[in-house]
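Colleague: I would like a close look at one part of this model, with the cut-offs stated as you go.

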Amino acid sequence: LIARQLEQRGYQVTRKGVSGAGLARPDFQDMNQVLDSLPLGSETAAVFVYLGVNDAQAVWLYPHERSNPAAAAVPFGAADWDAVYSRRTRAFLERICQRGARKAIVLLPVDVNRPDLQQRLQRIRELQARVAAETSCATVVQTAGGEGRFEVAGQATRTELPPQPREASCPGTKRSAWPFPTDGHRFPTSS
């Protein structure tokens, strides 16, 4: 839906889905390597990022992150988990900004029907929202509730993007990139 509407407004849309992606397990899928493969630059209007559903688990530590060489991970809920996850999220979003994208639009993890996972995802949503506000180009879109419709900054849910001339938001741009990790969920591409 969003891709089609952006294309109708004259944007070039590039989609990149990564199964099982997240920031907690770079030993499984390193999203920084995926980011390096995307065609981002000064002509990139926005990068839409959907990460987090797979991150409600222990955070695997790179060797340089380990204060104790035997500690390869920080369990979800441990005191250091928030700090490690926030640092990785901030670095990932800032890399998007530094590579030239005018906006990194963070789609927070969707609601799920498992109370235990929903509680964990709420923690991830809060961290992602806080960290995005601290970056130079990231903004957050709530995806919770509304039966799959989006809410932007607390405004009413919508099934379509609001009409807005592209010149008003990103002068002179014609490109959008989409690193869309699927996190086990499919993002709609048609109605």
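Colleague: Please start from Glu 43 and work inward. Is Glu 43 buried, partly exposed or exposed?

Modeller: Glu 43 is partly exposed, with a relative accessible area of 41%; buried means under 20%, exposed over 50%, and partly exposed in between, with a 1.4 Å probe and protein chains only. The model is predicted, so local features need a pLDDT of at least 70 and side-chain atom pairs count only at pLDDT 80 or more, while totals for chains, interfaces and linings use all residues. Residues are numbered from 1 along each chain as its sequence is written, and side-chain values use heavy atoms, with hydrogens and water left out.

Glu 43 sits in the loop between H2 and S2. Helices (H or I, at least four residues) and strands (E, at least two) are DSSP runs, numbered from the N terminus. Five helices and seven strands make up the protein's elements, in the order α-β-α-β-β-β-α-β-α-β-α-β from the N terminus on. Glu 43 has a distant partner in sequence: Ala 101 is 58 residues away along the chain but 7.3 Å away in space, C-alpha to C-alpha.

The strand after that loop is S2 (44–49), and six of its six residues are buried. For the protein as a whole, 42% of the 191 residues count as buried. S2 runs parallel to S5, and four bridges join them; two strands pair if DSSP finds at least two bridges between them. Within this pairing, Val 47 has Ala 104 of S5 as its bridge partner, and Val 49 has Val 106. S5 also pairs with S6, again in the parallel sense and over four bridges. There Val 106 stands opposite Val 140. Four of the five residues of S5 are buried, so this strand is largely enclosed by the rest of the structure.

Val 49 and Val 106 come up again in the lining of the largest cavity, together with Leu 23, Leu 51, Thr 89, Phe 92, Leu 93 and Gln 128. On a 1 Å grid over the protein atoms alone, a cavity is a set of points where a 1.4 Å probe fits but cannot get out; a pocket is an open set with protein on both sides within 12 Å along at least five of seven lines, and lining residues have an atom within 4 Å of a point. The structure holds one cavity of 30 Å³ or more, and the largest cavity has about 40 Å³ of space, a volume being the space filled by probe spheres set on the points, which are joined across faces, edges and corners. Its lining divides into six nonpolar, two polar and no charged residues. Ala, Val, Leu, Ile, Met, Phe, Trp, Tyr, Cys and Pro count as nonpolar, Asp, Glu, Lys and Arg as charged, and the others, Gly among them, as polar. H3 gives the largest share of this lining, three residues.

Phe 92 and Leu 93 also belong to the largest nonpolar core, where they, with Met 31, Trp 81 and Ile 96, touch the most other members among 37 residues. Such a core is a set of buried Ala, Val, Leu, Ile, Met, Phe, Trp, Tyr and Cys residues joined through side-chain atoms within 4.5 Å. S2, S5 and S6 are among the elements that each supply at least two residues of this core, and H3 gives the most, with seven. Apart from it lies another core, of 13 residues, including Ala 45 and Ala 46.

H3 contributes to the second largest pocket as well, with five residues, the largest share of that lining. This pocket has a volume of about 160 Å³. Asn 32, Tyr 62, Glu 65, Arg 88 and Ala 91 lie nearest its centre, out of 15 lining residues. By class these are six nonpolar, four polar and five charged.

H3 is also tied through a disulfide (a pair of cysteine sulfur atoms within 2.5 Å): Cys 97 is joined to Cys 137, with S to S at 2.0 Å. Cys 97 lies in H3 and Cys 137 in the loop between H4 and S6, so the bond ties together parts that are 40 residues apart in sequence. The torsion about the S-S bond is about -90 degrees, so the disulfide is left-handed. Cys 97 is buried at 10% relative accessibility, and Cys 137 is buried at 7%.
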